[in-house]
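Trainee: I would like a close look at one part of this model, with the cut-offs spelled out.

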Amino acid sequence: MLLSGANAVVYGAGGVVGSAVASALARGGARVHLVGRSRTRLDAVVRRITDLGGQAEAQVLDVLDEVDVDEYVDVVAACSGSIDISVDLVGPTPVAEQTHRRVDYTELAELEGPVLGALRSHFITARAAARHMMCQHSGIILVPHRAAVTAGLDGASLAAALLDRLAVQLAAQLAASGVTVRAVDLEQAAGGDAADVGRRVVDAVTGGDPTLAAV
């Protein structure tokens, strides 16, 4: 996909990784619609992007609220003309401290909370984008791939496995409509920086073709 002129919605854009992803897409020529829960952080990302000549705007939103997400994406599509890229960065990250968690010391809520939260967030945002992309017969939905790092019980690792499966199912269902769904590694490598994640997202959108993005 050509990034120049594309409309990208980035959820969780106020964080370190989210801001790097939004900045990378903006440098490639996309108009970036930033979504998060902190107005201060979102506005700071918008300023960084616009100071470098990019296009960005922000909206404070709870991605777990399907009505608000649907309405927001509808407005973006109506005002901007399309929804071309949807990236949801919201979700739990497995932590090494949970490696030795035992079943007899684990509460059900510790496992189901991250799983249900991840499913709700990523299904809601993917569905909102898919409704417009199916009509356009084009678009890319990126679902995060996060490797499980624990050997014990860990709700975040279960959530990561669920998102991998969700990406497979969405890809199979939406392919006939011209919509692409890709799982992309959004983990920040040890010793690396968030900009590496931004480049991975751009590669996922453009298929790794440098002529499609000026990043």
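Trainee: Does Thr125 count as buried or exposed, and at what relative accessibility?

Mentor: Thr125 counts as buried, because its relative accessibility is 2%; buried means under 20% relative accessible area, exposed over 50%, and partly exposed in between (1.4 Å probe, protein chains only). The model is predicted: local features need pLDDT of at least 70 and side-chain atom pairs count only at pLDDT 80 or more, while totals for chains, interfaces and linings use all residues. Residues are numbered from 1 along each chain as its sequence is written, and side-chain values use heavy atoms, with hydrogens and water left out.

Thr125 sits in helix α4, residues 108-136. Helices (H or I, at least four residues) and strands (E, at least two) are DSSP runs numbered from the N terminus. Leaving aside neighbours within four places in sequence, Thr125 is in contact (heavy atoms within 4.5 Å) with Tyr11, Val63, Val69, Ser86 and Asp88.

Two of these partners, Val63 and Val69, are among the 29 residues of a nonpolar core that lies apart from the largest one. Such a core is a set of buried Ala, Val, Leu, Ile, Met, Phe, Trp, Tyr and Cys residues joined through side-chain atoms within 4.5 Å. Leu170 and Leu174 also belong to the 29-residue core.

The largest core has 33 residues, and Val21, Leu25 and Leu34 are among those touching the most other members. Elements giving two or more residues to this core include β1 (7-11) and β4 (85-88). Its largest share, seven residues, comes from α1. Of the 12 residues of α1, 10 are buried, so this helix is largely enclosed by the rest of the structure.
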